[in-house]
Amino acid sequence: MDYFYFQGIGQDSHRFLSDNSPNDALSRPLILGGTIIPSAPPMDANSDGDVLFHALTNAISGVTGVNILGDIADQLCLEQGVTDSRVYLDRALQDLNDIELIHVSFSIECLRPKLAPHIPAIKTSVASALKIAPSAVGVTATTGEGLTGCGRGEGIAVLCTLSVRRPN
């Protein structure tokens, strides 16, 4: 079969909640790619703040042309109370139709938490969400030499590229 190959790119970032945030907010976990990262501050967000799933959702939107993070996610989160970023990702996946995901790669910028021990679990979680092999998921992390707020420990930024194909 003959295929047309193309890419999508997505980005997202959130700052950490401050120490003077309400206790119920501070008790939320940090979630990256559907994986709970223990002993880390949560993101300041209306949703669960999963910046990795948000960047992935944006990359899928770049492929499909249907923006999920915005009006659709706002309706789910603010009007229906859905804060699980996996729901936003699942909604984006519905628009792929005959487009097949081949590979996804994430570059995460943060000073904290240290992500190396969590990368295998993140890859497995993302692969499961996308129904692809963990070997088709790349995850790297950097501090960016502290040149940005995320590299100085103020939050987390994620860049995602997505390789896809569809039949011609």
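**Helices and sheet in a predicted model**

The axes of helix H4 and helix H5 (residues 119–130) come within 10 Å and cross at roughly 40°. That crossing angle makes H4 oblique to H5, because an angle counts as oblique when it is neither under 35 degrees, nor over 145, nor from 65 to 115. Two packed helices are described by just these quantities, the angle and the distance between their axes. The model is a predicted one.

Which residues make the contact between H4 and H5? From H4 come Arg86, Leu89 and Leu93. From H5 come Ser128, Ala129 and Leu130. By character, the residues of this contact divide into four nonpolar, one polar and one charged.

H4 spans 85–93 and also has a part in covering helix H3. H3 runs over residues 71–79, and its Ala73, Leu76 and Cys77 are buried. Why do these three lie on the same side of H3? They cover an arc of only 85° around the axis, so they share one side of the helix. The general rule is that an α-helix has 3.6 residues a turn, so residues three or four places apart point the same way. The other side of H3 carries Asp71, Leu78 and Glu79, which are exposed. What covers the buried residues of H3 includes H4. After H3 comes glycine 81, with a positive phi near 80°.

Now the sheet. It is open, has four strands in the order E1-E6-E4-E5, and its pairing is mixed. E1 and strand E5 (137–142) are the edge strands, since each pairs on one side only. On average, neighbouring strands are turned by 15° against each other, direction ignored.

Take the pairs in order. Strand E1 (residues 3–15) and strand E6 (residues 155–167) run antiparallel and are joined by 13 bridges. Here histidine 14 stands opposite isoleucine 156 in E6. Next, E6 pairs with strand E4 (residues 100–109), also in the antiparallel sense, over nine bridges. Valine 104 has leucine 162 in E6 as its bridge partner. Then the sense changes. E4 and E5 run parallel, joined by six bridges. Serine 105 stands opposite glycine 138 in E5.

Where does H5 lie relative to the sheet strands E4 and E5? H5 lies across both of them and runs at about 140° to E5. H5 thus ties the two parts of this account together: H5 meets H4 through Ser128, Ala129 and Leu130, and H5 lies across E4 and E5.

Technical notes: Residues are numbered from 1 along each chain as its sequence is written. This is a predicted model: local features need pLDDT of at least 70, side-chain atom pairs count only at pLDDT 80 or more; totals for chains, interfaces and linings use all residues. Side-chain values use heavy atoms; hydrogens and water are left out. Buried means under 20% relative accessible area, exposed over 50%, partly exposed in between (1.4 Å probe, protein chains only). The arc is that of the directions from the helix axis to the C-beta atoms. Contact means heavy atoms within 4.5 Å. Axes are lines fitted to C-alpha atoms, for helices over the stretch in contact, and angles run from 0 to 180 degrees between N-to-C directions. Ala, Val, Leu, Ile, Met, Phe, Trp, Tyr, Cys and Pro count as nonpolar, Asp, Glu, Lys and Arg as charged, and the others, Gly among them, as polar. Two strands pair if DSSP finds at least two bridges between them.
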